[in-house]
Amino acid sequence: MAAAAPPPPPSAAPEPSMAAPETTPIGHPVFTRIRLATPSDVPFIHKLIHQMAVFERLSHLCSATESSLSSNLFLSPPFHSFTIFLLELSSSPIPPLLSPSPSFTPIEKTFNFDIPVNDPEKDAFSIYYGDQQVIIGGFVLFFPNYSTFLGKPGFYVEDLFVRECYRRKGFGKMLLSAVAKQAVKMGYGRVEWVVLDWNVNAITFYEQMGAKVLPEWRICRLTGDALQAYQNANV
């Protein structure tokens with residue numbers, strides 16, 4: 001009688017899957033969008049500017065009002081003069097704009113964080129698309145300048161600001177990258193801005209983005225009484 005065949009070797013235990021089920025959210029998603037600011041955003045822009053002045057220890061120099069902003073911004077087509085990108089954030093996908101600008105396609109990106117972002121001021125920076133609450137998290141204001149050496153226009157970034165609870169999460173990089181991308185799209189030669197010498201974190205951040213800090217240059221400014229003195233100057 002033939003010997004019975006040996007039992008088959010035990011099959012290897014399946015390795016546990018490290019991937020989360022598709023129905024399980026990964027961490028805490030934050031949906032973001034960069035869009036062009038509009039005149040209706042002036043109250044948010046004003047509050048952001050005030051917070052930026054406090055952060056930069058320059059609130060004593062900040063005299064901007066909603067009225068003065070409304071009188072000077074949005075007078076020209078985007079990218080022809082003062083232009084503002086706003087950063088919007090939400091825990092759910094942000095609804096599309098009802099009337100998007102033909103000058104700029106909004107940039108959308110989803111971030112995932114291990115813990116939720118706590119925004120104690122979200123109600124003061126909320127905008128609603130239907131019933132959905134979307135938070136304004138930051139802005140960048142820039143305008144065209146010109147390099148005679150390059151023989152090309154460029155963009156000068158006047159302000160880049162992200163609210164405190166959203167810092168060090170990649171949102172500032174997203175805003176500045178949007179400006180640089182637009183400059184390349186338009187064939188511009190450079191993007192420039194200034195940084196406070198004590199803001200080491202910002203300097204490191206800009207250098208990591210590929211920017212060169214030029215310590216040999218100094219800012220020269222005429223403002224206030226020194227500027228007004230030229231009203232009746234004999235030129």
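This report covers a pocket, a buried arginine and a nonpolar core in a predicted model.

## The second largest pocket

The second largest pocket has a volume of about 430 Å³. Its lining is made up of 23 residues, and R35, L36, A37, T38 and S99 are the ones that lie nearest the centre of the pocket. Three strands, β1 (28-36), β2 (83-90) and β4 (126-129), each supply at least two residues of this lining.

Sorted by class, 15 of the lining residues are nonpolar, six are polar and two are charged.

## R33 in strand β1

Strand β1 also holds R33. Is R33 buried or exposed? The relative accessible area of R33 is 1%; buried means under 20%, so R33 counts as buried.

The side chain of R33 reaches the backbone oxygen of P95 at 2.6 Å. P95 is also listed among the residues in contact with R33 once neighbours within four places in sequence are left aside. That list includes I94, P96 and L97, as well as L86, L87 and E88. The remaining contacts of R33 are P106, I107, E108 and Y129.

## The largest nonpolar core

In soluble globular proteins, nonpolar side chains tend to be buried together. The largest nonpolar core of this model contains 49 residues, of which F85, F139 and F171 touch the most other members.

Which residues does F85 touch, not counting those up to four places away in sequence? They include I34, R35 and L36. F85 also touches F79, F104, G138, F139, V140 and F142, together with L175, A178 and V179. R35 and L36, both touched by F85, are among the residues nearest the centre of the second largest pocket.

Definitions and conventions:
Residues are numbered from 1 along each chain as its sequence is written. This is a predicted model: local features need pLDDT of at least 70, side-chain atom pairs count only at pLDDT 80 or more; totals for chains, interfaces and linings use all residues. Side-chain values use heavy atoms; hydrogens and water are left out. On a 1 Å grid over the protein atoms alone, a cavity is a set of points where a 1.4 Å probe fits but cannot get out, and a pocket is an open set with protein on both sides within 12 Å along at least five of seven lines; lining residues have an atom within 4 Å of a point. Grid points are joined across faces, edges and corners, and a volume is the space filled by probe spheres set on the points. Helices (H or I, at least four residues) and strands (E, at least two) are DSSP runs, numbered from the N terminus. Ala, Val, Leu, Ile, Met, Phe, Trp, Tyr, Cys and Pro count as nonpolar, Asp, Glu, Lys and Arg as charged, and the others, Gly among them, as polar. Buried means under 20% relative accessible area, exposed over 50%, partly exposed in between (1.4 Å probe, protein chains only). A polar contact is a pair of N or O atoms within 3.5 Å; within protein, one must be able to donate a hydrogen and the other to accept it, and residues adjacent in sequence count only if both atoms are side-chain atoms. Contact means heavy atoms within 4.5 Å. A nonpolar core is a set of buried Ala, Val, Leu, Ile, Met, Phe, Trp, Tyr and Cys residues joined through side-chain atoms within 4.5 Å.
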